[in-house]
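Welcome! Let us walk through this structure together, one part at a time.

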Amino acid sequence: MTMPAANPPVPKFSNFSEAQIVNPAQDFTLRWDAYAGAANEDAMSLSISEGTDGLVFQAPDPCIPRDLPVTATSIVIPAGTFQSNKVYTAALYFSRPF
């Protein structure tokens, strides 16, 4: 197996502060830094979960359908996805096949 010389960049949310106080009755746009050097075969995925509710949002999601192109730097999370007084955990992944 040949490993690539460089790993994908570490994804970082660019509006982390805004994401700490989200109005669940309104759409929320989550933003992150671009996947530098992304190629067509690379991938990106996002999951948001809550302790008792489990997975509440994911992208890509073929069942919705909801795409998440590797060139994306944001996604709109629809109103009603979150509930008041709950803590959610988001994970953004950049991946590169080798």
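## Starting from the pocket

The largest pocket holds about 490 Å³ of space. Keep in mind as you look around that this is a predicted model. Rolling a probe the size of a water molecule over the atoms is what shows where empty space is left. There are 20 residues lining the largest pocket, and those closest to its centre are Ala-19, Gln-20, Val-22, Phe-82 and Tyr-88. Two elements, strand 1 and strand 5, give two or more residues to this lining. Strand 5 gives the most, with three residues. As for the character of the lining, 14 of its residues are nonpolar, five are polar and one is charged.

Let us follow strand 1 next. In a regular strand the side chains alternate between the two faces of the sheet. Strand 1 shows such an alternation: Phe-28 and Leu-30 point to one face and are buried, whereas Thr-29 and Arg-31 point to the other face and are not buried. Which strand does strand 1 pair with? Its partner is strand 4 (residues 74-77), and the two are joined in the antiparallel sense over four bridges. If you find Leu-30 again, you will see Ile-75 of strand 4 standing opposite.

Now turn to strand 5, the other element met at the pocket. Strands of a sheet pair through backbone hydrogen bonds, either parallel or antiparallel. Strand 5 belongs to an open sheet of three strands, in the order 3-2-5 and with antiparallel pairing. Strand 3 (54-59) and strand 5 each have a single partner strand, so they stand at the edges, and one side of each is left without a neighbour in the sheet. On average, neighbouring strands of this sheet are turned by 20° against each other, direction ignored. Strand 2 and strand 3 run antiparallel and are joined by five bridges. In this pairing, Ile-48 has Phe-57 in strand 3 as its bridge partner.

Finally, look for the aromatic rings. A pair of such rings is described by the distance of the centres and the angle of the planes. The structure holds two aromatic pairs. In one of them, the rings of Tyr-35 and Phe-94 have centres 4.5 Å apart and planes at 5°, so this pair is stacked. The pair links distant parts of the chain, 59 residues apart: Tyr-35 lies in the loop between strand 1 (28-31) and strand 2 (43-50), while Phe-94 lies in strand 5 (residues 88-95). Are these two residues buried or exposed? Tyr-35 is buried, because its relative accessible area is 5%, and Phe-94 is buried with a value of 11%.

How values were computed. Residues are numbered from 1 along each chain as its sequence is written. This is a predicted model: local features need pLDDT of at least 70, side-chain atom pairs count only at pLDDT 80 or more; totals for chains, interfaces and linings use all residues. Side-chain values use heavy atoms; hydrogens and water are left out. Rings of Phe, Tyr and Trp (its six-membered ring) pair if their centres lie within 6.5 Å; planes under 30 degrees apart count as stacked, over 60 as edge-to-face and the rest as tilted. Buried means under 20% relative accessible area, exposed over 50%, partly exposed in between (1.4 Å probe, protein chains only). Two strands pair if DSSP finds at least two bridges between them. Axes are lines fitted to C-alpha atoms, for helices over the stretch in contact, and angles run from 0 to 180 degrees between N-to-C directions. On a 1 Å grid over the protein atoms alone, a cavity is a set of points where a 1.4 Å probe fits but cannot get out, and a pocket is an open set with protein on both sides within 12 Å along at least five of seven lines; lining residues have an atom within 4 Å of a point. Grid points are joined across faces, edges and corners, and a volume is the space filled by probe spheres set on the points. Ala, Val, Leu, Ile, Met, Phe, Trp, Tyr, Cys and Pro count as nonpolar, Asp, Glu, Lys and Arg as charged, and the others, Gly among them, as polar.
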